[in-house]
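This report examines the fold of one protein chain, working outward from its helix. Please keep the structure in view while reading.

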Amino acid sequence: MASQSLAHGKIVVGLGANSPGAWGTPAETIAQALGEIERLDIAVVAVSPLYQTAAVGNARQPPYTNAVA
């Protein structure tokens with residue numbers, strides 16, 4: 001039987017939303033997404049503050065709420 005080794009490292013994930021959804025406001029959606037990542041036994045070690053950016057290419061869209069984890 002071959003032994004299984006798991007790679008350990010760090011990844012950076014960009015998160016963003018600009019419309020309310022099933023998980024609530026864009027900020028609540030980001031919080032829920034982070035919870036889902038942790039539910040998969042992936043440790044979230046740092047999260048940036050939330051920040052807003054204008055939608056690109058379509059001025060009729062609401063601004064995006066963004067974060068990096």
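## Glu28 and the helix that holds it

Glu28 belongs to helix α1 of this predicted model. Its relative accessibility is 40%, so Glu28 counts as partly exposed, a class that lies between the limit of under 20% for buried and that of over 50% for exposed. Along the chain, 11 residues separate Glu28 from Ala17, and the distance between their C-alpha atoms is 9.6 Å.

The helix itself runs over residues 26-39, which makes 14 residues. From the first C-alpha of α1 to the last, the span is 20 Å, close to the 20 Å expected at 1.5 Å a residue.

## The buried side of the helix

Which residues of α1 are buried? They are Pro26, Ile30, Ala33 and Leu34. These residues lie on the same side of α1, because the arc they cover around the axis is only 100 degrees. A general rule helps in reading this pattern: an α-helix has 3.6 residues a turn, so residues three or four places apart point the same way. Among the elements that cover the buried residues of α1 are β1 (14-17) and β3 (64-68).

Ile30, a residue of helix α1, illustrates this arrangement. Its relative accessible area is 4%, and Ile30 is therefore buried. With neighbours within four places in sequence left aside, Ile30 is in contact with Leu15, Gly16, Leu50, Thr65, Asn66 and Ala67. For one of these partners, Leu15, the C-alpha atom is separated from that of Ile30 by 6.5 Å, although the two residues are 15 residues apart along the chain.

## Two residues of strand β3

Is Thr65 buried or exposed? Thr65 has a relative accessibility of 9%, so it counts as buried. This residue has its place in strand β3. Beyond neighbours within four places in sequence, the contacts of Thr65 are with Leu15, Gly16, Ala17, Pro26, Ala27, Ile30, Leu50, Tyr51 and Gln52. Pro26 and Ile30, two of these partners, are among the buried residues of α1.

Ala67 is likewise placed in strand β3. The relative accessible area of Ala67 is 1%, so this residue is buried. Its contacts, again without neighbours within four places in sequence, are Val13, Gly14, Leu15, Ile30, Ser48, Pro49, Leu50 and Tyr51. Between Ala67 and one of these partners, Ser48, the C-alpha separation is 5.6 Å, with their positions 19 residues apart along the chain.

## The loop after the helix

Asp41 is located in the loop between α1 and β2, just after α1. With a relative accessible area of 75%, Asp41 is exposed. What is notable about its backbone? Asp41 is not a glycine, yet it has a positive phi of about 65 degrees. In general, most residues other than glycine have a negative phi.

Ala43 is found in this loop as well, between α1 and β2 (51-53). The relative accessible area of Ala43 is 63%, and the residue is therefore exposed. Ala43 and Lys10 are 33 residues apart along the chain, while 9.5 Å separates their C-alpha atoms.

## The largest pocket

Where is empty space left around the atoms? Rolling a probe the size of a water molecule over the atoms shows this. The largest pocket has a volume of about 440 Å³. Its lining includes the loop residues Asp41 and Ala43, and Lys10 also takes part. The other lining residues are Gly9, Ile11, Val13, Ile37, Ile42, Val44, Val45, Ala46 and Ala69.

How many residues of each class form this lining? There are 9 nonpolar, 1 polar and 2 charged residues.

## The chain as a whole

The protein chain contains 1 helix and 3 strands. Along the sequence, these elements follow the pattern β-α-β-β. Of its 69 residues, 17% count as buried, and Ile30, Thr65 and Ala67 are among them.

Contacts across the sequence can also be described for the chain as a whole. Among contacts with a separation of 6 or more, 38% are between residues 24 or more positions apart. The contact of Thr65 with Leu15 and that of Ala67 with Val13 are examples of contacts between strand β3 and residues earlier in the chain.

How values were computed: Residues are numbered from 1 along each chain as its sequence is written. This is a predicted model: local features need pLDDT of at least 70, side-chain atom pairs count only at pLDDT 80 or more; totals for chains, interfaces and linings use all residues. Side-chain values use heavy atoms; hydrogens and water are left out. Helices (H or I, at least four residues) and strands (E, at least two) are DSSP runs, numbered from the N terminus. The expected span of a helix is 1.5 Å times one less than its number of residues. Buried means under 20% relative accessible area, exposed over 50%, partly exposed in between (1.4 Å probe, protein chains only). The arc is that of the directions from the helix axis to the C-beta atoms. Contact means heavy atoms within 4.5 Å. On a 1 Å grid over the protein atoms alone, a cavity is a set of points where a 1.4 Å probe fits but cannot get out, and a pocket is an open set with protein on both sides within 12 Å along at least five of seven lines; lining residues have an atom within 4 Å of a point. Grid points are joined across faces, edges and corners, and a volume is the space filled by probe spheres set on the points. Ala, Val, Leu, Ile, Met, Phe, Trp, Tyr, Cys and Pro count as nonpolar, Asp, Glu, Lys and Arg as charged, and the others, Gly among them, as polar.
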